[in-house]
Amino acid sequence: MVGIVLVSHSERLAHGLRDMLVQVAGEEVPIEAAGGTDDGGLGTSYDRILVAIDRADRGAGVLVLTDLGSAVLTARTVLEDRVANDAVLVDAPFVEGAVAAAVLAGTGAGLDEVTQAAVEARDVRKL
Amino acid sequence: MVGIVLVSHSERLAHGLRDMLVQVAGEEVPIEAAGGTDDGGLGTSYDRILVAIDRADRGAGVLVLTDLGSAVLTARTVLEDRVANDAVLVDAPFVEGAVAAAVLAGTGAGLDEVTQAAVEARDVRKL
Amino acid sequence: MEEELARAWIAAVTAAVRTEADRLTELDTAIGDGDHGVNLRRGFDAAAAAVDSLAPGSAGDVLGKTGTTLLSKVGGASGPLYGTLFRALGKTLRAGGSLAEGLQAALDGVRQLGKAAPGDKTMVDALTPAVAAYAAAAGEGEADAARAAADAAAQGARATVPMQARKGRASYLGERSIGHQDPGATSTALILAALADVTARGPAR
Amino acid sequence: MEEELARAWIAAVTAAVRTEADRLTELDTAIGDGDHGVNLRRGFDAAAAAVDSLAPGSAGDVLGKTGTTLLSKVGGASGPLYGTLFRALGKTLRAGGSLAEGLQAALDGVRQLGKAAPGDKTMVDALTPAVAAYAAAAGEGEADAARAAADAAAQGARATVPMQARKGRASYLGERSIGHQDPGATSTALILAALADVTARGPAR
Ligand SMILES: Nc1ncnc2c1ncn2[C@@H]1O[C@H](COP(=O)(O)OP(=O)(O)O)[C@@H](O)[C@H]1O
Ligand SMILES: Nc1ncnc2c1ncn2[C@@H]1O[C@H](COP(=O)(O)OP(=O)(O)O)[C@@H](O)[C@H]1O
Ligand SMILES: [Mg+2]
Ligand SMILES: [Mg+2]
Ligand SMILES: [Mg+2]
Ligand SMILES: [Mg+2]
């Protein structure tokens with residue numbers, strides 16, 4: 001199953017979002033939170049992101065979502081350093097994209113389809 | 001100053017996002033988290049949303065952001081029931097819209113401008 | 001509608017929701033987040049308790065109180081929707097309207113809040129035919145009208161199976177939402193079945 | 001570049017970041033999230049410690065270690081950016097390249113990672129003229145070239161004041177980012193000033 005990694009500046013935000021995703025996607029989808037700095041402060045952590053990607057990687061690829069553009073820089077560096085290149089960064093709204101991706105991943109869809117679901121979440125209206 | 005209310009299905013998510021916003025917007029912007037059900041489970045709470053809006057309302061209006069479409073239903077009902085009608089629901093990406101709105105609110109911008117910033121966050125690219 | 005009938009209805013819905021909670025949750029697990037049964041159980045347990053401790057008044061008071069309680073206790077999308085449904089019913093009855101008018105107001109409220117149209121695979125697909133059936137059979141008396149509404153709701157719920165969801169969480173699944181019965185349409189059918197049952201029996205004393 | 005000079009450089013940057021942390025944070029409070037000084041302090045304190053316990057090797061090793069440490073310890077956007085800068089420098093030097101080549105590789109790496117162009121009100125606005133100035137003055141010796149680079153970086157940082165931010169957090173402010181000096185451009189100027197200072201003094205022993 002495609003894995004999902006949630007890169008946020010806030011540890012609480014990443015874990016809270018993970019709770020929501022597990023509820024919609026079920027326990028089988030590997031969903032990992034990578035929030036906050038190494039010591040749990042606001043920011044992003046290279047090491048937490050790397051560990052999260054490795055954990056979420058079950059062979060079907062990993063989708064990495066970020067809360068803000070500045071998290072992209074850390075995530076991108078991790079992806080460039082990482083030997084296995086089956087993880088992709090997606091430009092999608094963090095919460096909305098993650099929910100859409102988790103739902104699709106839960107159906108057994110592949111990385112391309114899961115990525116597309118995250119991207120298309122941008123155009124889904126809420127009101 | 002314009003207030004901001006964060007309606008999420010997850011209490012942790014709402015609070016983590018609030019932490020991030022306080023960092024960028026400063027302590028003066030009234031930012032309230034309304035996450036989870038009355039007993040802290042996953043879902044939304046009419047009462048938490050109402051209390052959060054009343055707290056965030058300092059006379060300059062309140063922008064209400066929701067994590068998913070299903071949170072909109074509860075928030076919309078609160079807004080319809082509420083006598084003071086200076087709170088508005090916005091269709092914006094939750095995290096990205098909230099950050100943009102908080103930054104603008106922190107500069108003293110009015111409700112229209114803050115709302116617009118949240119909406120436009122949809123079109124900001126991360127990668 | 002008499003107050004006692006309203007009280008009996010809420011009690012019957014609460015009992016039905018308890019019995020069917022697992023099935024509702026299962027349906028919601030297939031195309032949602034698997035909490036519809038839990039949500040409604042929490043909501044109707046609270047509503048039943050609130051109605052029990054409500055001073056004698058009118059059917060409108062009972063249904064309004066039910067709506068307000070569901071609104072704050074359910075926690076899912078169905079909370080504000082059923083909250084709106086029961087509040088609209090209560091408001092119409094308090095203003096002297098008929099149950100047929102109340103059901104129409106309830107449907108209007110649900111549609112206005114949720115923006116779902118028939119065919120979107122939501123509770124609206126059970127509620128819409130139910131309200132129409134009640135109105136069509138209203139001349140035959142409350143019991144027959146309620147039974148017709150319940151049958152129409154059940155059929156409306158079954159008709160959601162082949163639909164693709166366009167509102168609510170199930171819409172994230174796109175085409176993959178096809179082939180499952182909508183949980184909210186299913187619970188709407190339960191609510192109307194309870195109405196038919198208590199109306200057939202007459203108010204419990 | 002000699003290893004001792006590289007070690008002295010990192011020590012000097014660490015000292016400068018400590019002295020200037022509050023100013024950097026203040027600049028970041030105006031147009032960002034107010035953590036740039038704290039971020040760099042945490043990062044360079046860790047880098048200095050890592051370099052101190054690094055076995056003797058080469059300047060490239062020292063700078064590479066600095067980059068890797070910044071990358072995992074800074075926590076802000078400047079972490080991967082300065083991490084990339086120092087890793088690119090280290091890599092070029094280890095491969096036998098000159099400092100001028102290393103600085104160019106550093107700039108390329110920063111630009112590729114952050115996608116910022118000159119004029120976007122970022123560290124790129126200090127780094128770009130610094131790298132050009134170093135290359136232009138490289139024939140006059142390391143000390144003069146480093147001084148020229150430091151001056152160009154300082155000027156580049158000042159030139160960010162009237163710019164509107166198009167990358168990083170400050171871009172959320174739109175036009176309201178105008179009138180403030182970019183924190184990252186300011187810290188880049190500090191880093192190059194430290195290089196000029198230690199190069200002028202020669203490696204500390
Ligand atoms: N916009 C809407 N309009 C009408 N009904 C809706 C809407 N959104 C969701 N529903 C109904 O709510 C049901 C789900 O309720 P529930 O599981 O309690 O809420 P949630 O989706 O928030 O977990 C769906 O099966 C559907 O019938
Ligand atoms: N995409 C980018 N390209 C180049 N530099 C950037 C970019 N984004 C941010 N910066 C630099 O980083 C600085 C902010 O660093 P810092 O405060 O540590 O990170 P954060 O913004 O994550 O809190 C900015 O002043 C700017 O110079
Ligand atoms: Mg549900
Ligand atoms: Mg739910
Ligand atoms: Mg910062
Ligand atoms: Mg920061």
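Okay, so let's start with C:Asp35. Is this residue buried or exposed? It's buried, with a relative accessible area of 11%. Keep in mind that we're looking at a predicted model here. The cut-off for calling something buried is under 20% relative accessible area, so 11% puts C:Asp35 in that group.

Now, what does C:Asp35 do with its side chain in this model? It's one of the protein donors of a magnesium ion, ligand 4, and the other one is C:Asp33, with both lying 2.1 Å from the metal. There's a second magnesium ion too, ligand 3, and its protein donors are C:Asp28, C:Asp33 and C:Asp35, at 2.0 to 2.2 Å. If you want to find those three in the sequence, look for the spacing D-x4-D-x1-D.

How far apart are the two magnesium ions? They're 3.5 Å apart, and C:Asp33 coordinates both. So you can picture C:Asp33 as a bridge from ligand 3 to ligand 4. C:Asp33 is buried as well, at 7% relative accessible area, and C:Asp28 is buried at 9%.

Let's move over to ligand 1. Which chains does ligand 1 lie between? Chains B and C. There are 21 residues around ligand 1, and among the closest are C:Asp33 and C:Asp35, which we've just met, along with C:Ala77, C:Ser78 and C:Asp182. C:Asp28 turns up again here: an N or O atom in its side chain is 3.1 Å from an oxygen atom of ligand 1. Then C:Asn39 has a polar side-chain atom 2.9 Å from a ligand 1 oxygen, and for C:Arg169 that distance is 3.3 Å. Out on its own, ligand 1 would expose 570 Å², and the protein buries 95% of that.

Where does the shell around ligand 1 come from? Helix 2, helix 4 and helix 8 of chain C each put in at least two residues. Helix 8 gives the most, with three. Sorted by class, the shell has six nonpolar, nine polar and six charged residues.

Okay, on to ligand 2, which lies between chains A and D. Ligand 2 has 21 residues around it, and the nearest are D:Asp33, D:Ala77, D:Ser78, D:Gly114 and D:Asp182. D:Ser78 has a polar side-chain atom 2.6 Å from an oxygen of ligand 2. The backbone gets involved here too: a polar backbone atom of D:Met123 is 3.0 Å from a ligand oxygen, and a backbone N or O atom of D:Gly184 is 2.9 Å from one. Taken alone, ligand 2 exposes 570 Å², of which the protein buries 96%.

As for the helices, helix 2, helix 4 and helix 8 of chain D each supply at least two residues of the shell around ligand 2. The largest share, three residues, is from helix 8. By class you get six nonpolar, nine polar and six charged.

Last topic: salt bridges. The basic idea is that side chains of opposite charge can pair when their charged atoms come close. How many salt bridges are there over all chains? A search of the whole structure finds 39. Let me walk you through a few.

Take A:Asp19 and B:Arg12, whose closest N and O atoms are 3.1 Å apart. A:Asp19 sits in helix 1 of chain A and B:Arg12 in helix 1 of chain B, so this pair joins two chains. Both ends are partly exposed, A:Asp19 at 28% relative accessibility and B:Arg12 at 38%.

Next, inside chain B, B:Asp91 and B:Arg122 make a salt bridge at 3.6 Å, N to O. They're 31 residues apart, with B:Asp91 in the loop between strand 4 and helix 4, and B:Arg122 in the segment after helix 5. Both of these residues are buried.

Then there's D:Asp45 with D:Arg41, at 4.0 Å. Why are they separated by about one helical turn? Because they're four residues apart in helix 2 of chain D. D:Asp45 is partly exposed at 25%, and so is D:Arg41, at 35%.

And one to finish on: A:Asp54, A:Asp57, A:Arg82 and A:Asp86 are joined into one network by salt bridges that share partners.

How values were computed
Residues are numbered from 1 along each chain as its sequence is written. Chains are lettered from A and ligands numbered from 1 in the order in which they are written. This is a predicted model: local features need pLDDT of at least 70, side-chain atom pairs count only at pLDDT 80 or more; totals for chains, interfaces and linings use all residues. Side-chain values use heavy atoms; hydrogens and water are left out. A residue is near a molecule or strand if one of its heavy atoms lies within 4 Å of it. A polar contact is a pair of N or O atoms within 3.5 Å; within protein, one must be able to donate a hydrogen and the other to accept it, and residues adjacent in sequence count only if both atoms are side-chain atoms. Accessible areas come from the Shrake-Rupley method with a 1.4 Å probe; for residues, only the protein chains shown count as cover. Ala, Val, Leu, Ile, Met, Phe, Trp, Tyr, Cys and Pro count as nonpolar, Asp, Glu, Lys and Arg as charged, and the others, Gly among them, as polar. Donors are N, O and S atoms within 2.8 Å of the metal (3.2 Å for Na, K and Ca); water is not among the atoms, so sites may look incomplete. Buried means under 20% relative accessible area, exposed over 50%, partly exposed in between (1.4 Å probe, protein chains only). A salt bridge is a side-chain nitrogen of Lys or Arg within 4 Å of a carboxyl oxygen of Asp or Glu.
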